[in-house]
Amino acid sequence: MSTPAALRSWRGLFLPLAVGAAGVAATAYLAAVDPNQPGHYPTCPFLAVTGWYCPGCGSLRALHDLAHLDLAGALARNPFAVLVVPYLLMSWVLWVERTVTGRVPRRVAPGWSIWVLLAGIVAFWVLRNVPGWTALSPA
């Protein structure tokens, strides 16, 4: 017996909705448990071993600030994380929309864009560790 297309699309929504619910739960937890207070979250292993900031250092504090609508504080902690959040939200919305409509995913960006993204991450990583320049440090 064949399953109607509408029922298949609702079944297909389970995974995107579960990912969305997990994101909301994680954000709520991060909003409630302040990463600025020691002992709640582990230290960055890269920072602990090398003493240098990785591209993700300060992300928890930045997301905590975003959850409290403090954009300036979030940008001070990790501007790269602040730029990634809208992209992740847009990607999730497009995932749900494609699941509901049944459209085939298409390439959104050209192949070279991944290299530009990687170069941006490496540049951010290097610049936030330049001695004497604290503009990008999460401290």
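This is a conversation between a visitor and a guide about a predicted model of a protein chain.

Visitor: What makes up the fold of the protein chain, in helices and strands?

Guide: The protein chain has seven helices and zero strands. Along the sequence the pattern is accordingly written α-α-α-α-α-α-α.

Visitor: Why is the protein chain called more spread out than a compact globule?

Guide: The radius of gyration is 19 Å, whereas the globule rule gives 14 Å for 139 residues. The value is well over the rule, so the chain is described as more spread out than a compact globule. Taken along the principal axes, the box filled by the C-alpha atoms is roughly 65 × 40 × 30 Å.

Visitor: How many of the residues are buried, as a percentage?

Guide: Of the 139 residues, 21% are buried. The accessible surface comes to about 9700 Å², and 73% of that surface belongs to carbon and sulfur atoms.

Visitor: Why is H64 called buried?

Guide: Buried means under 20% relative accessible area. H64 has a relative accessible area of 8%, so H64 is buried. This residue lies in helix α4, which spans residues 59-67 and also has S59, A62 and D65 among its buried residues.

Visitor: Which helices do the buried residues of α4 pack against?

Guide: They pack against α2 (14-32), α5 (71-77) and α6 (79-101). Just after α4, L69 takes a positive phi of about 60°.

Visitor: How do you know that H64 touches L30?

Guide: Contact means heavy atoms within 4.5 Å. The backbone oxygen of L30 lies 2.8 Å from a polar atom of the H64 side chain; 2.8 Å is within the contact limit, so the two residues touch. Leaving aside residues up to four places away in sequence, H64 also touches A31, V33, D34, P35 and N36.

Visitor: Why is G111 called partly exposed?

Guide: Partly exposed lies between the buried limit, under 20%, and the exposed limit, over 50%. G111 has a relative accessible area of 38%, so G111 is partly exposed. G111 is placed in the loop between α6 and α7 (113-127). Its C-alpha atom is separated by 22 Å from that of P55, which is 56 residues apart from G111 along the chain.

Visitor: How many positive and negative side chains does the protein chain have?

Guide: There are 9 positive and 4 negative side chains. The centres of these two sets lie 17 Å apart.

Definitions and conventions: Residues numbered from 1 in each chain as written. Predicted model: local features only at pLDDT ≥ 70, side-chain atom pairs only at ≥ 80, totals over all residues. Heavy atoms only, no water. Buried < 20%, exposed > 50% of the residue type's maximum accessible area, 1.4 Å probe, protein only. Helix = DSSP H or I, 4+ residues; strand = E, 2+ residues; numbered from the N terminus. Polar contact = N/O pair within 3.5 Å; in protein donor to acceptor, adjacent residues only side chain to side chain. Rg over C-alpha atoms; globule rule 2.2 N^0.38 Å. Areas by Shrake-Rupley, 256 points an atom, 1.4 Å probe, with all protein chains shown as cover. Lys, Arg positive; Asp, Glu negative; His and termini not counted. Charge placed at Lys NZ, Arg CZ, Asp CG, Glu CD.
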